[in-house]
Amino acid sequence: MELIKTKDLSKIYISGETETKALREVSLVIENGEFSAITGPSGSGKTTLFNLIGALDTPTSGTISFDGKDLSNLNKRARTLFRREKIGFVFQTFNLIPVLTAFENVAFPLNLLGASEKEIKEKVYNLLEKVGLKGMEERKPAALSGGQQQRVAVARALIKEPILVLADEPTANLDSGTGGELMKLMRKLNKEEEITFLFATHDPMVMEYSRRRIKLRDGKIQE
Amino acid sequence: MKFVFKLGIKNLFRYKERTFLTCLSLAVGICILIFFNGMLEWADESSIRNLKKYETASMKIGNLAFFEEENYIPVDEVIKERGKIEKILNGKDLEYTPEIKFKANLINEITGDSYPFFGMGIKAESHKKVYELNEMVYEGTLPKSSKEILISKYTAELLNVGIVDYLIVETDTKGGAHNADAFKITALFETPNPEVNKNFFYISLDAANNLLAMNGDINLISIKAEQNEESLARELKKEIDIEGITVRPWQEQAADYMDLSQGKKGGSSMMLMMAFIIIAVGIVNTMNMAVFERTGEIGMMRAMGMTDKEIILNFIFESGGLGLLGGILGLVLGAIVTWYLIRYGWDFSNYVGDLSYGYRVSAVFRSKWDPGMMITALIFSTVSASIISIFPARRALKRSISETLKSAGKFG
C-alpha cells in the first residue's frame with residue numbers, strides 16, 4: 001500500500017540571482033512498512049527530499065502525497081500538526097534537549113500531543129526498556145554515551161507511534177559497533193511495529209540493512 | 001501548556017552563571033528604582049509634614065494682597081474684621097494662632113554683619129497648638145517677653161552669635177517708617193525644614209506689634225486642621241466672606257514644593273523607563289544569545305510539531321522567570337537599602353549643606369517603605385522581561401525549519 005507518492009517533485013532554492021535546482025522532477029513511491037535508504041553524495045538532494053517528505057518545506061513544483069493526502073498545499077499550521085502526529089525524526093547529531101532527562105526527551109512528542117501523565121509513563125518506560133535504556137531514564141544527555149543518546153532519539157521518534165520515521169545519517173556520529181546495534185534495533189521495531197523507516201545516508205552499513213536503496217544524483221533519482 | 005512552562009523553567013537554569021548575571025543586572029535596576037522611589041516618597045511625605053508643622057500650618061488666613069506679594073511682605077495689608085474670623089474658627093473648634101510676618105535684617109551688633117530674614121511675631125501659647133516649633137527648640141523656649149528672639153542654629157552660626165547675645169532687628173513699620181531694636185537670643189531651634197532654619201526668626205507677637213507699629217493688627221492667622229485642607233479652606237473662605245480676605249491651604253502656599261512634587265510624578269515615569277531600559281538590555285542580550293545558541297534545538301522542536309505559539313511561550317516563560325527572579329533579588333536588595341536608609345539615613349550635609357532644593361527635608365536622606373511600588377516593580381520586571389523575549393523568538397521563527405536545522409549542522 002502506497003504511503004508516500006511524489007510526482008515531478010522539484011525544489012529550487014533562490015539566493016540573490018542564483019538559482020539552485022536541488023530536486024528535479026522526482027517521482028517516487030514509498031510503500032507502507034518499507035525500510036529504505038536514500039543514498040547519494042553530498043548535494044545530491046537527499047536532505048531536500050527528506051524536508052519535503054517530512055513537510056518541513058514545500059516544493060517549488062510537483063506534488064507529494066502522504067497516505068493519499070496532498071502535502072503540497074497544506075498551510076503552516078496543518079504541516080506542523082501533520083509532523084506532530086505522523087512523522088518521527090531521528091537527527092544526525094541526536095538533537096536531544098540537554099536540560100531534559102532521557103525520560104523527558106522521549107516524552108516530548110507525547111506532551112505535544114497532550115497525552116496524560118499515566119499514558120506517558122507507561123509508554124516511555126516500556127519503550128526505553130525496548131531500546132535497552134532501562135535504568136537510565138533519569139540521566140540527562142550529557143551523562144549518556146553517543147550510542148545511548150541516539151537510542152533516546154530513536155525512542156523519541158517512535159514514542160508517538162508515527163506512520164513514518166525519517167532518519168538522517170543516524171549512524172554518522174556513532175562507531176560501527178554502536179551503529180550496527182542501532183540499525184538492528186530499528187529493523188526490529190520496523191518488523192514488530194510495522195513502522196516505515198526512511199534513511200538518508202551514505203553509510204554502507206545503513207545501506208546493507210536497508211531493503212531498498214534509492215539513489216539520488218544531482219537532484220534526480222537513479223534507482 | 002504545563003509542559004511548555006516546565007521546559008521554559010528548566011531552560012532558565014540551563015546556564016546558571018548567565019542566568020545569575022542577568023538576574024543581578026535586573027536586580028540592580030529594580031533596586032535603583034526602589035531606592036530612588038523610596039527616597040522621593042520619604043522626601044514627599046516628610047516635606048508635607050515639615051511644611052505643616054513648621055512653615056505653612058494646614059492653612060493660613062490673610063489679605064489677598066499680602067499673599068500675592070508675600071516675598072515683598074506688605075505688612076500694611078492686615079486682616080480686617082479679625083473678631084468675626086476668630087468667631088467662625090472657634091465655632092468650628094479649630095486650633096489657630098495669630099501671626100505678624102515681616103521682612104527684616106538681623107544685624108550682629110558687634111561685627112555689624114547683616115542678613116535679610118523673615119520675622120515672625122508669634123503668640124507662644126496658641127503657636128504650640130498649631131505648629132511644633134517648640135519641640136525643636138533647645139536651650140530655651142519660644143519667645144514670650146518683648147525683647148526675646150528665637151533664631152535657628154543655622155542663623156546663629158551665620159551671624160556668629162549664641163544664646164544671651166543680642167541681635168539688632170531692623171525693619172520698616174506698617175506706616176513705612178524705618179525702625180530697629182535689640183533682642184536677646186534666648187533660645188535656638190533646628191527643625192527638619194531647611195527653609196524655616198535658613199529664613200525665619202521668631203519674636204513675640206507683642207514685640208512684633210511694637211516694632212512694626214501694627215496698632216494691634218496682624219497679617220496672618222495659621223490654622224491646624226485634621227480634615228481635607230483644600231475643601232476646608234474653600235468652606236472657610238465662603239463663611240468668612242470678607243472682601244480681600246482669603247484662606248490659603250498649605251498646597252497653595254508652598255507652590256515651589258508643589259511644582260517639584262508634580263515634577264516627581266514625571267520623574268517616577270522616567271525612573272520606570274530607565275529600569276525598563278536596564279531590564280530590556282539585560283534580557284534582550286541574554287535571550288538573543290539563548291535563541292542563537294538554540295537555533296538547532298528550535299528547528300528540532302518545530303520539526304517535531306511544536307507550534308510557533310508554543311515555542312514563543314517557552315521563551316516567554318524562560319524570560320519571565322528571569323524577570324521574576326531578577327525582580328525578587330531586586331526587591332531583596334531594595335528592601336535592604338530601604339531598611340538601612342530608614343534606620344540610619346544617608347547624610348548629604350557635606351555635599352549639599354542646608355540646600356533645600358524645594359523639598360522641606362534635612363540633608364540626612366531617608367527612605368520610606370512603598371509596598372505598592374515594590375509589587376509594581378516585581379510585576380513590571382516579570383512582564384517586561386516576558387514581552388521582550390518575544391522579539392528574538394519571533395525572529396528565530398522567521399527562518400525556515402530546514403534552514404535552522406542545517407545552520408546548526410544537525411540535519412542534512
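At roughly what angle do the axes of helix α3 (residues 102-112) of chain A and helix α4 (residues 117-130) of chain A cross? That is the opening exercise, and a short note on the model comes before its solution.

This is a predicted model, in which local features need pLDDT of at least 70, side-chain atom pairs count only at pLDDT 80 or more, and totals for chains, interfaces and linings use all residues. Residues are numbered from 1 along each chain as its sequence is written, while chains are lettered from A and ligands numbered from 1 in the order in which they are written.

**Exercise 1. Describe the packing of α3(A) and α4(A).**

Step 1. Two packed helices are described by the angle between their axes and the distance between the axes. Helices here are DSSP runs (H or I, at least four residues; strands are E, at least two), numbered from the N terminus. Axes are lines fitted to C-alpha atoms, for helices over the stretch in contact, with angles from 0 to 180 degrees between N-to-C directions.

Step 2. The axes of α3(A) and α4(A) cross at roughly 120 degrees and come within 10 Å. That angle makes α3(A) oblique to α4(A). (Under 35 degrees counts as roughly parallel, over 145 as roughly antiparallel, 65 to 115 as roughly perpendicular, and the rest as oblique.)

Step 3. From α3(A), the contact takes Ala102(A), Phe103(A), Val106(A), Ala107(A) and Leu110(A); from α4(A), it takes Ile120(A), Lys123(A), Val124(A), Leu127(A) and Leu128(A). (Residues are in contact if their C-beta atoms, placed from the backbone, lie within 7 Å.)

Step 4. By class, the contact of α3(A) with α4(A) has 9 nonpolar, no polar and 1 charged residues. (Ala, Val, Leu, Ile, Met, Phe, Trp, Tyr, Cys and Pro count as nonpolar, Asp, Glu, Lys and Arg as charged, and the others, Gly among them, as polar.)

**Exercise 2. Now do the same for α3(A) and helix α5 (residues 146-158) of chain A.**

Step 1. The two axes come within 7 Å and cross at roughly 30 degrees, which makes α3(A) roughly parallel to α5(A).

Step 2. Ala102(A), Asn105(A), Val106(A), Phe108(A) and Pro109(A) of α3(A) meet Val152(A), Ala155(A) and Arg156(A) of α5(A). These residues divide into 6 nonpolar, 1 polar and 1 charged.

**Exercise 3. Find the domains of chain B and their contact.**

Step 1. The assignment, automatic or from a database, gives domain 1 (2-52 + 257-407) and domain 2 (57-253). Their centres, taken over C-alpha atoms, are 49 Å apart.

Step 2. Domain 1 of chain B gives 10 residues to the contact and domain 2 of chain B gives 12 residues. On the domain 1 side, the largest share, 4 residues, comes from helix α2 (residues 16-54) of chain B.

**Exercise 4. Which elements of chain B give two or more residues to the side that touches chain A?**

Step 1. The contact takes 19 residues from chain B and 24 residues from chain A.

Step 2. The elements are α1, α12 (295-303) and α16 (401-407) of chain B. Of these, α12(B) gives the most, with 4 residues.

Step 3. This side of chain B has 7 nonpolar, 8 polar and 4 charged residues.

**Exercise 5. State the confidence of the model.**

Step 1. Chain A averages a pLDDT (the predictor's confidence in each residue, from 0 to 100) of 89, and 100% of its residues score at least 70. For chain B the mean is 86, with 95% of residues at 70 or more.

Step 2. For the complex, the predictor gives an ipTM of 0.90 and a pTM of 0.76.

Methods:
Two residues are in contact if their C-beta atoms, placed from the backbone, lie within 7 Å.
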